[in-house]
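Q: Please take a close look at one single part of this model for me. I would like to know what encloses it, and then how its surroundings fit into the rest of the chain.

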Amino acid sequence: MKQKCLFFILFVLSLYTKPWAQNILTTPSNMPREGDSIIRKQVTYFEAGESGENVIWDLRDIQPEDMCHSFWFCRDSDSTYLKGMESRLVRKYLCRNDSLLLSGYETALQSMYYETPLTINAFPFAYGNHFIQPFHGLGTYCKKQLLEQHGTMDVEADASGTIYLNDADTLYNVLRLHYITTSSISQHHPGDSVSAEEENRKQRIEEHYLWFAHGYRYPIFETSTITIYHDLTPVSCQQTAYCTMPSDQMILEDSINRQILINDSLDRANAVPIIHYSVSVAGNTISIAYTLDADATINAIVCDHMGMVYRRATTTDSSGATGILRLDGNGLKSGIYVLYLNVNGQIYNEKVEL
């Protein structure tokens with residue numbers, strides 16, 4: 001038992017002492033907390049992009065819209081639930097056994113409670129983690145009609161990488177969570193026949209992406225797509241996107257994440273570059289001439305300003321080696337691209353023109 005406890009302590013410490021290690025969501029740094037209040041700004045909806053590791057999300061052109069939403073957490077009267085409060089929506093959470101569970105939600109018109117609370121996240125959670133859970137919920141609409149929902153929620157940490165916010169602000173060690181919820185919802189009056197229930201049944205598919213950056217408790221970005229079907233024919237589709245910028249989260253009294261950010265900053269400042277390189281473009285070929293001061297793996301990615309990846313190349317070389325890593329740009333449109341280099345976790349980026 002002592003060995004297991006020691007291993008767990010060393011594992012948790014490693015999360016806070018390796019700034020370019022994989023971002024892992026944990027209970028101390030990512031569980032919502034009573035008393036926290038944040039501002040979610042609505043932004044222009046954007047495509048989530050591809051999955052995988054070393055993904056680039058260039059979100060410098062994402063524009064804020066006029067709407068801002070206050071979001072805060074408080075306890076209910078008997079301290080059973082942690083409530084996530086918005087202007088028109090209240091979600092009821094349970095924080096249990098290193099898991100964040102959704103017990104139900106309420107709006108002015110409807111309520112829904114799940115027979116078995118839905119697991120929103122299970123900590124620790126890292127890239128590649130994945131779970132699927134069925135659920136059954138009962139509720140009311142306008143306190144007159146009954147609601148019944150059957151479905152499945154699929155949760156996966158499907159991508160990790162870097163977010164470009166502006167030319168002076170880059171977020172490293174970003175982990176993206178992908179939620180897909182498919183369900184069937186029946187809305188009917190008490191005593192309705194089975195055929196009446198089926199006639200009013202609709203299908204609902206929700207897809208959410210959440211981007212968590214190392215050192216911040218809450219998602220930096222979130223996108224949502226909700227599609228409603230009747231008899232398998234889509235009748236509505238709503239797409240929204242929100243951001244809670246790093247500056248908006250820095251006002252929280254969050255000593256754990258503040259220390260993570262300090263450690264990240266110090267470690268990056270003290271890191272000795274292990275690569276010396278130059279970039280050139282001849283015709284449609286991007287060439288990276290390099291010299292290494294340590295054994296290293298070089299991952300190179302070419303993407304556009306929206307983070308769409310077009311080319312990848314990887315090479316591994318030994319300390320003292322010199323070489324050239326080439327990426328073929330044939331077929332790409334003329335324009336400015338971002339060249340992203342990940343060298344043993346050290347991040348570099350350059351603009352290239354084809």
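A: The second largest cavity holds about 80 Å³ of space. A search of the whole structure turns up two cavities of 30 Å³ or more. Here a cavity is a set of points on a 1 Å grid, laid over the protein atoms alone, where a 1.4 Å probe fits but cannot get out. Its volume is the space filled by probe spheres set on those points, which are joined across faces, edges and corners. Please keep in mind that this is a predicted model, in which local features need pLDDT of at least 70 and side-chain atom pairs count only at pLDDT 80 or more, while totals for chains, interfaces and linings use all residues. Residues are numbered from 1 along each chain as its sequence is written, and side-chain values use heavy atoms, with hydrogens and water left out.

Now for the walls. Residues count as lining when they have an atom within 4 Å of a grid point. For the second largest cavity these are Gly215, Tyr216, Arg217, Gln249, Met250, Leu252, Asp254, Asn257, Arg258 and Leu261. Sorted by class, the lining has four nonpolar, three polar and three charged residues. In this sorting Ala, Val, Leu, Ile, Met, Phe, Trp, Tyr, Cys and Pro are nonpolar, Asp, Glu, Lys and Arg are charged, and the others, Gly among them, are polar. Helix H5 (residues 255-270) gives the largest share of this lining, with three residues. Helices (H or I, at least four residues) and strands (E, at least two) are DSSP runs, numbered from the N terminus.

Leucine 261 is a good place to pause. This residue sits in helix H5, and its C-alpha lies 5.2 Å from that of glycine 215, although 46 residues separate leucine 261 and glycine 215 in sequence. Leaving aside residues up to four places away in sequence, leucine 261 touches His214, Gly215, Tyr216 and Met250. A contact here means heavy atoms within 4.5 Å. Of these partners, Gly215, Tyr216 and Met250 also line the cavity.

Moving along the sequence, we come to aromatic rings. Two rings of Phe, Tyr or Trp (its six-membered ring) pair if their centres lie within 6.5 Å, with planes under 30 degrees apart called stacked, over 60 edge-to-face and the rest tilted. By this rule there are 11 aromatic pairs. In one of them, phenylalanine 73 and tyrosine 93, the centres are 6.3 Å apart and the planes stand at 50°, so the pair is tilted. Phenylalanine 73 belongs to strand S3 (residues 64-75) and tyrosine 93 to strand S5 (residues 90-96), so the pair ties together parts that are 20 residues apart in sequence. Phenylalanine 73 and tyrosine 93 are both buried, a label for under 20% relative accessible area, with exposed over 50% and partly exposed in between (1.4 Å probe, protein chains only).

Tyrosine 209 and tryptophan 211 also form a tilted pair, because their ring centres are 6.1 Å apart and their planes are at 35°. Tyrosine 209 counts as buried at 13% relative accessibility, and tryptophan 211 is buried at 0%. Ring pairs link both of them with Phe46, Trp57 and Phe221 in a cluster.

Trp57 leads us on to serine 160, since contacts of serine 160 include Gly52, Glu53, Asn54, Val55, Trp57, Tyr127, Val174 and Leu175, not counting residues up to four places away in sequence. Serine 160 is part of strand S9 (residues 145-166) and is buried, with a relative accessible area of 12%.

Finally, some backbone details. Most residues other than glycine have a negative phi, and most peptide bonds are trans. Phenylalanine 123 and proline 124, however, are joined by a cis peptide bond with omega of about -5°. Asparagine 97 has a positive phi of about 50° although it is not a glycine, and aspartate 98 has a positive phi near 60°. Asparagine 97 lies in the loop between S5 and strand S6 (99-106), as does aspartate 98. Asparagine 97 is exposed at 71% relative accessibility, whereas aspartate 98 is partly exposed at 43%.

As a frame for these places, the chain has five helices and 20 strands, and 46% of its 354 residues count as buried.

How values were computed
On a 1 Å grid over the protein atoms alone, a cavity is a set of points where a 1.4 Å probe fits but cannot get out, and a pocket is an open set with protein on both sides within 12 Å along at least five of seven lines; lining residues have an atom within 4 Å of a point.
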